[in-house]
Amino acid sequence: MASGREKAYAYLKDTVLTDPEMQGAFLSEQELADRIGVSRTPIREALLLLAAEDLVELVPKRGARVASLTGREVRELMELRGMVERYAAERLVAAERVPLEELRSLLERQRVLTGAEEAREFIAVDHRFHASLVSAVGNTLLDRHYDGLRSRQVRAGVVAVFNQQGRQKAVLDEHEAIVDALAAGDAQAACAAIDHHLQSTLKVLLDG
């Protein structure tokens, strides 16, 4: 059973920190405690952990503020994702262990989430699409490292969808290109498709 700190940490990271509207906002410890059903102590402990990850800022006499994604952070996020995802694609194609069924299932799930009101769920599935590729490598430390990018990745993805009309359709096309290259056993084309996808997202974020 999860401890109060673990529950608070998971809620903050998966729900609060993935919401673009919360960027730069101060968090109420009492409100969070009431919402999660724990005391304020686990909230404080969770905020300390998140501060160590640079996901929140602890401001003296003000409390915890959700750290905004800077242009530099977005660039570094996409660069790091590219390194990990290209590595995964190359390893999986070489080993003939690409999780095509799972990738195609997630892509089909995204196809029905095209409304603006479904943007957050669309991006949550988007993350699962990329994470399933990395997870299939079977490297536990790599999985843990990639999962650490999740809150920033989801928040950036939601912002990108809201910044550009038609971005959801573009993401579907870009994901399909990745799947097609992997299905063909073409690691070079898969890496190029991954790069194109990440660079397109980066451009939308920086232009927005």
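**Briefing: salt bridges, buried polar residues and loop geometry**

E29, R40 and R44 are joined to one another in a network of salt bridges. The model described here is a predicted one, and a search of the whole structure finds 17 salt bridges in it. The points below take up a selection of these pairs, then turn to three buried residues, to the annotated N-terminal segment and to two loop residues.

**Salt bridges between and within elements**

- R120 and D19 form a salt bridge through their side chains, with a nitrogen-to-oxygen distance of 2.9 Å. Because R120 belongs to helix 6 (residues 119-135) whereas D19 belongs to the loop between helix 1 (4-16) and strand 1 (26-27), this pair ties together parts that lie 101 residues apart in sequence.
- The two partners of that bridge fall into separate accessibility classes: R120 counts as partly exposed, at 38% relative accessibility, while D19, at 18%, counts as buried because its value is under 20%.
- A salt bridge also joins the side chains of R109 and E121, where the N to O distance is 2.3 Å. R109 lies in helix 5 (residues 100-111) and E121 in helix 6, so the link ties together parts that are 12 residues apart in sequence.
- Both ends of this helix 5 to helix 6 pair are partly exposed, R109 having a relative accessibility of 34% and E121 a relative accessible area of 37%.
- The side chains of R167 and E174 meet in a further salt bridge, at 2.9 Å from N to O. Here both charged residues are buried, since R167 has a relative accessibility of 3% and E174 one of 8%.
- As general background, side chains of opposite charge can pair when their charged atoms come close.

**H175 in helix 9**

- H175 is placed in helix 9, which covers residues 167-183, and with a relative accessibility of 0% it counts as buried.
- Its side chain makes a polar contact, at 2.8 Å, with the side chain of Q110.
- When neighbours within four places in sequence are left aside, the residues in contact with H175 are L107, Q110, D126, F129, H130 and H197.

**S132 in helix 6**

- S132 is part of helix 6 and is buried, its relative accessible area being 6%.
- The backbone oxygen of F129 is reached by the side chain of S132 at a distance of 2.8 Å.
- Apart from neighbours within four places in sequence, S132 is in contact with P99, E102, L103 and L106.

**R152 in helix 8**

- R152 sits in helix 8 (residues 150-163) and counts as buried at 15% relative accessibility.
- A polar atom of the R152 side chain lies 3.0 Å from the backbone oxygen of E53.
- Neighbours within four places in sequence again set aside, R152 is in contact with E53, D54, L55, L69, E73 and L77.
- Between the C-alpha atoms of R152 and G37, which are 115 residues apart along the chain, the separation is 25 Å.

**The annotated segment and ring interactions**

- The UniProt record, an unreviewed entry, places the feature "domain: HTH gntR-type" at residues 2-69.
- Over residues 2-69 the chain is 50% helix and 15% strand, and the C-alpha atoms at the two ends are 29 Å apart.
- The charged end of R62 sits over the ring of F26, at 4.1 Å from the centre of that ring.
- Aromatic pairs, by contrast, number zero in the structure.

**Loop residues with positive phi**

- D54, which is among the contacts of R152, lies in the loop between helix 3 (40-52) and strand 2 (56-59). Phi of D54 is near 65°, a positive value in a residue other than glycine, and D54 is exposed, with a relative accessible area of 54%.
- E96 lies in the loop between helix 4 (71-95) and helix 5. The phi of E96 is likewise positive, near 55°, in a residue other than glycine, and E96 counts as exposed at 73% relative accessibility.
- For context, most residues other than glycine have a negative phi.

Terms used
Residues numbered from 1 in each chain as written. Predicted model: local features only at pLDDT ≥ 70, side-chain atom pairs only at ≥ 80, totals over all residues. Heavy atoms only, no water. Salt bridge = Lys/Arg side-chain N within 4 Å of Asp/Glu carboxyl O. Helix = DSSP H or I, 4+ residues; strand = E, 2+ residues; numbered from the N terminus. Buried < 20%, exposed > 50% of the residue type's maximum accessible area, 1.4 Å probe, protein only. Polar contact = N/O pair within 3.5 Å; in protein donor to acceptor, adjacent residues only side chain to side chain. Contact = heavy atoms within 4.5 Å. UniProt positions renumbered as here; feature names shortened; annotations may be inferred. Phe/Tyr/Trp six-rings, centres within 6.5 Å; stacked < 30°, edge-to-face > 60°. Lys NZ or Arg CZ within 6 Å of the ring centre and 35° of its normal.
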